[in-house]
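Reader: Could you take one part of this model and examine it closely, and then work outward from there to other places and to the chain that holds them? I would like the criteria behind each term to be stated as you go.

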Amino acid sequence: MSEPVLIWGAGAIGGTFGAALARAGRDVTFVDVVPEHVAAIREGLRITGPVDPMTVAAPAFLPQELKGQWKRVYLAVKAHHTEEAARALAPHLAPDGHVVSLQNGLCESIIAGVVGAERTVGAFINFGADWIAPGEILYGNRAAFVVGELDGRVTERLKDILEEAKLFEPDAILTQDIAAYLWGKLAYGSLLFAQAVGQLGIADCLARPELLPLWRALAGEVLQVAAAEGVSPLGFNGFDPAAFRPGATEEQARASVEAMVAFNRPNAKTHSGVWRDLAVRKRRTEVDVQIAPVAALGAKHGIPCPALNGLVRCIHEIEAGKRPMDDANLLEILP
């Protein structure tokens with residue numbers, strides 16, 4: 001008999017993943033801060049799109065309504081809400097329980113600071129999903145899904161988490177170096193943050209030939225900082241870290257960009273979640289918890305990060321209403 005699971009954050013990621021678990025017969029409870037979404041999940045959470053449409057009804061609560069404890073909590077909130085959410089869920093985490101981070105960025109260290117490193121498990125996700133409306137999430141494309149213990153061990157709980165992940169993504173894998181995937185996603189993610197400052201979708205934006213120097217600069221800076229931190233990022237879904245490291249050729253970078261374009265072109269999710277934050281949801285992005293910290297680490301190691309800093313400035317200006325979202329913005333990121 002599988003353990004009940006708690007999904008804290010029932011948006012694009014948590015909602016899609018949790019729905020698949022619930023359909024498979026797992027005992028799933030959702031927590032979210034949007035009252036209308038919570039009410040809709042109780043009636044039936046609709047996962048739409050071409051990949052795996054389904055409707056599942058499940059228990060759902062606002063944080064202040066929740067009672068009880070769980071051994072396994074999947075945390076799927078935006079990176080800048082991680083600490084607040086971790087503190088809110090801590091009373092509901094069993095003494096022998098653990099939190100699995102289904103997030104972008106280096107959120108595992110934030111979670112570990114609240115519940116303890118031994119009760120924190122890492123995960124790397126790249127599938128595409130968008131919160132459309134209360135009770136409705138678009139599942140746009142399948143992609144890499146990797147789970148790993150922070151210390152690299154292959155534990156029984158990790159094996160169990162992998163089996164649970166396979167209920168959603170049959171090709172999910174486990175790793176003994178989760179940091180390599182998380183930093184790989186940061187490098188790729190820097191390109192998605194850049195896409196968000198314009199209007200073209202991911203594939204069309206990446207395909208702009210005049211932006212190849214920008215892609216090389218952004219990913220290259222992240223990879224230099226990762227190396228200084230002792231991490232060798234791994235690739236996925238067309239992104240090849242070796243193509244953006246110092247010494248890599250323009251041809252290598254172009255080949256990887258073309259592979260990323262090919263991966264993203266057929267997807268029902270055409271724009272990044274960062275773009276939706278700015279253009280649709282009209283809310284803060286995760287730039288201060290994903291991109292800005294990499295540039296700050298770069299400064300600590302004496303690594304200049306002009307492209308990353310330029311990207312952070314551009315997004316801050318859009319968030320503040322001082323700059324329109326325009327494809328020309330991408331030409332201004334590089335100093």
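Author: Cys107 is where I would begin, and this residue counts as buried because its relative accessibility is 0%; buried here means under 20% relative accessible area, exposed means over 50%, and partly exposed lies in between, with a 1.4 Å probe and protein chains only. The model is a predicted one, in which local features need pLDDT of at least 70 and side-chain atom pairs count only at pLDDT 80 or more, while totals for chains, interfaces and linings use all residues. Residues are numbered from 1 along each chain as its sequence is written, and side-chain values use heavy atoms, with hydrogens and water left out.

Why does the sulfur of Cys107 form no bond with the closest cysteine sulfur? That closest sulfur belongs to Cys305 and lies 19 Å away, which is too far for a bond. A disulfide is taken as a pair of cysteine sulfur atoms within 2.5 Å. Cys314 is also buried, at 4% relative accessibility, and its sulfur is 11 Å from the closest cysteine sulfur, that of Cys205, again too far for a bond. The count of disulfides by this rule is zero.

From the cysteines we can turn to Gln290, which lies in helix H11, residues 287–290; helices (H or I, at least four residues) and strands (E, at least two) are DSSP runs numbered from the N terminus. Gln290 is buried, with 5% relative accessible area. Residues up to four places away in sequence aside, Gln290 touches Asn104, Gly105, Leu186 and Phe193, where contact means heavy atoms within 4.5 Å.

In the loop between helix H10 (273–279) and H11 sits Lys282, which is exposed at 65% relative accessibility. Its phi is positive, about 55 degrees, although Lys282 is not a glycine. Most residues other than glycine have a negative phi. Asn237 also has a positive phi, near 45 degrees, and is likewise a residue other than glycine. Asn237 belongs to the loop between helix H8 (212–228) and helix H9 (250–264), and with 22% relative accessibility it counts as partly exposed.

Helix H8 itself contains Leu223, a buried residue at 3% relative accessibility. Leu223 and Arg245 are 22 residues apart along the chain, and their C-alpha atoms are separated by 6.3 Å. Beyond its neighbours within four places in sequence, Leu223 is in contact with Ala187, Pro233, Pro241, Phe244 and Arg245.

Two further places can be read in the same manner. Gly14, in helix H1 (residues 12–23), is buried with a relative accessible area of 0%. Gly14 and Phe30 are 16 residues apart in sequence, with 8.5 Å between their C-alpha atoms, and Phe30 is among the residues that Gly14 touches, together with Ile7, Gly9 and Ala76, when residues up to four places away in sequence are not counted. Pro91, by contrast, is exposed at 51% relative accessibility and is found in the loop between helix H3 (82–89) and strand S7 (93–101). The C-alpha atoms of Pro91 and Val115, 24 residues apart along the chain, are separated by 9.7 Å, while the contacts of Pro91, leaving aside neighbours within four places in sequence, are with Gly68 and Gln69.

These places belong to a chain with 13 helices and 12 strands. Its radius of gyration is 19 Å, close to the 20 Å that the globule rule gives for 335 residues, so the chain is as compact as a globular protein of that length; the radius is taken over C-alpha atoms, and the rule is 2.2 Å times the number of residues to the power 0.38. Along the principal axes, the C-alpha atoms fill a box of roughly 55 × 40 × 35 Å. Buried residues make up 56% of the 335 in the chain, and of the contacts between residues at least 6 apart in sequence, 68% join residues at least 24 apart.
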